Each structure stands twice: as C-alpha cells, then as structure tokens.
Amino acid sequence: MSGSTLKAVTVVTAVLAGLLASAYALGHSLVPERHPSTAGATTSAYGPRYADQPPSDGPGTPGADPTPDTVPDTADGDGPYGAHVSTGSARVALTFDDGPDPRWTPQVLALLGQYGVKATFCVVGENAESYPDLVRSIAAEGHTLCNHSWKHDVNLGRRTPETIRADLTRTNDAILAAAPHARIAYYRQPGGVWTPQVMSACAAMGLTPLHWSVDPSDWKTPGPTAIETTVRTQTAPGAIVLMHDAGGDRSGTVAALQRLLPELLGRFELEPLPTGAA
Ligand SMILES: [Zn+2]
C-alpha cells in the first residue's frame, strides 16, 4: 500500500468513525431510556404499561439506514427521518401519549379545560377501542387526535409494510369508530423509533410524522417538580412537548401540568396541532 493510499484510508476511517459517533449520539438523544419493564405491555394498578423504549439493538439511527431515499416528501420536519419536532410557528403544542386512560385522561382534560388550552392526544388503538367515550371527549373538547399505533409496538417500524399499514389503519379505525368526525392527521412512532418503512406508511396514509422537542420523561415518574422544571426551562417558541396521560402512575404529570399551564400561558400561545379540518 502506498503512502498516499494509506493516508486516504486513514482519513476515510476517521470520518466514518466520526459519523457513526454522531449518529449514535443523535439516536440516543432522541429516544427515552429503557423502561424498567420489558418490551410489550404489562398490566399494573395503573392500567397498561408500555415499554416506551426501543429494542436493545438500538433506535433507528438517522443516516445509518441504507434506504434513506425512501423518506417521503411529507416528512419535512427536522427530527429523525424528517419527523416534526416543531410546530412551525411560535406556538407551543402540548402532546399527551399512550391513552386514553380512564383514571388520568379525564384529569388532564379537566385541567386543559380549566385553562382553555387545546392540546394533542396521541392515542393507542387498543385503548381507543376500550375507552371510546374518552376519545369522543378529546375530540369534542377541541383537541387534536394522533395515531400512536395499535398496541404501542416500538418495533413496528421494522415490520413489513403491510403490517405497518394494517396497524395504523386499525388504530385510525378505532379512533373514528369513537369520534367519526375526527380528522387524524398525525402519527407518532412509539419510542420515537422511526424508520424509512414507517415514514412511507405515514406518507401513503396522509399522516404527518410527529416527534417532539421537549421530553421531561414523565413516564419514568421523576416527580412533578422534575417534570415541571424540564418543561418550563426547555420549552421555547415552536416546541412540541411530550407528556403522558397513561401507561403508569401519571399523578406527577397531572400535578406538573397544574403548575405549568398558567406559567406557559404567560409566555406562549398553546395550540392543538392543526389538522387541516375546517
Ligand atoms: Zn408512547
């Protein structure tokens, strides 16, 4: 090997190592840490508990997939694979995942109603089927509904295109069975484990892939003060805030929300994500 070839190989190796390190760091910064429970849903006193975490072989690292050119035009956000991490305006969107839940969703709805705030609920299909009245309340009170998969499968993006489409369709159908006039314009991948395949399904179904920019990791029950502090200090114009109204003991989220709503309203306009509906 000549000196110049050796030098070129060394440079390429260094660049590749740097890219891999960046992809690793990015993937990990976008995805919550592993839930104490294992993959899938388990049942507790607080209802179904979802593993909000990618599998052990890591998240779908942006840029590391060999088929990034399959990312559709609708995925024009700045998050992983083009998922949206901003409202696109100065307004801030509060989003609540994993419900509806008969214990926590009514408490979140009551607080939002008390402050006149509209938000976005990313509902799990099997929960929408179990609690259609709550889905109906979410829609009737002017909040936006978002598809969060049928049973919170963090590996859904790695399954066949047919399986992904069937899962998202089944979830949309459960939402529409409860709230026939709802317009479902968004999909949020459980665990944030986006893949080109799930992006393609979103594009085919007219769903905007929705990620987030502020994550207080409330599903890890860090306590209301930690949740409140993270949201209060990290929320900036255009933020999409991720919280949960199901999947475990959400008393901390509810308590934090009570403190956050007046504080955020003093600094931002809060909006339900637009659905394009009249
Ligand atoms: Zn979730």
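**Exercise 1. Find where R232 and E228 lie, and work out how their side chains meet.**

*Solution.* Start with position: R232 and E228 both belong to helix α7 (residues 224–234), where they sit four residues apart, about one turn of the helix. Keep in mind as you work that this is a predicted model.

Next, look at the side chains: those of R232 and E228 form a salt bridge, with 3.6 Å from N to O. That value passes, because a salt bridge needs the nitrogen within 4 Å of the carboxyl oxygen.

Now check the surroundings. E228 has 14% relative accessibility, so it counts as buried, while R232 is partly exposed at 30%. The cut-off for buried is under 20%.

Finally, widen the view: R259 joins E228 and R232 in a network of salt bridges.

**Exercise 2. Describe the setting of strand β3, from its two faces to its neighbours.**

*Solution.* Begin with burial. Strand β3 covers residues 93–97, and five of the five are buried, so the strand is largely enclosed by the rest of the structure.

Then sort the side chains by direction. In a regular strand, side chains alternate between the two faces of the sheet. Here A93, T95 and D97 point one way, L94 and F96 point the other way, and all are buried.

Now look for partners. β3 runs parallel to strand β8 (residues 240–244), and five bridges join them. Within this pairing, T95 has L242 as its bridge partner, and D97 stands opposite H244. Strand β4 (residues 120–123) also pairs with β3 in the parallel sense, over three bridges. There D97 stands opposite C122.

Last, trace the connection: β3, helix α2 (residues 105–115) and β4 together make a right-handed β-α-β unit.

**Exercise 3. Is neighbouring strand β8 covered or uncovered on its two faces?**

*Solution.* Count first: five of the five residues of β8 are buried, and the strand is mostly covered. Then split them by side. I240, L242 and H244 lie on one side, V241 and M243 on the other, and all are buried, which leaves both faces covered.

**Exercise 4. Compare how the acidic residues D97 and D98 are partnered.**

*Solution.* Take D97 first. Its side chain meets that of R188 in a salt bridge of 2.7 Å, N to O. The pair links distant parts of the chain, 91 residues apart: D97 is in strand β3, and R188 is in the loop between β6 (186–187) and α6 (196–205). Both ends are covered, as D97 counts as buried at 2% relative accessibility and R188 counts as buried at 0%.

Now step to D98, which is placed in the loop between β3 and α2. D98 is buried too, yet it has no salt bridge. The nearest side chain of opposite charge is R250, 5.9 Å away, and the cut-off is within 4 Å. What D98 does have is a polar contact of 2.9 Å between its side chain and that of H148.

**Exercise 5. How many salt bridges does the whole structure hold, and how is the one between D153 and R159 placed?**

*Solution.* A search of the whole structure finds seven salt bridges. In the one between D153 and R159, the closest N and O atoms are 2.6 Å apart. For the surroundings, read off the relative accessible areas: D153 is buried at 11%, whereas R159 is partly exposed at 36%.

Conventions:
Residues numbered from 1 in each chain as written. Predicted model: local features only at pLDDT ≥ 70, side-chain atom pairs only at ≥ 80, totals over all residues. Heavy atoms only, no water. Buried < 20%, exposed > 50% of the residue type's maximum accessible area, 1.4 Å probe, protein only. Pairing = 2+ DSSP bridges. Right-handed = clockwise from strand over helix to strand, strands pointing away. Lys, Arg positive; Asp, Glu negative; His and termini not counted. Polar contact = N/O pair within 3.5 Å; in protein donor to acceptor, adjacent residues only side chain to side chain.
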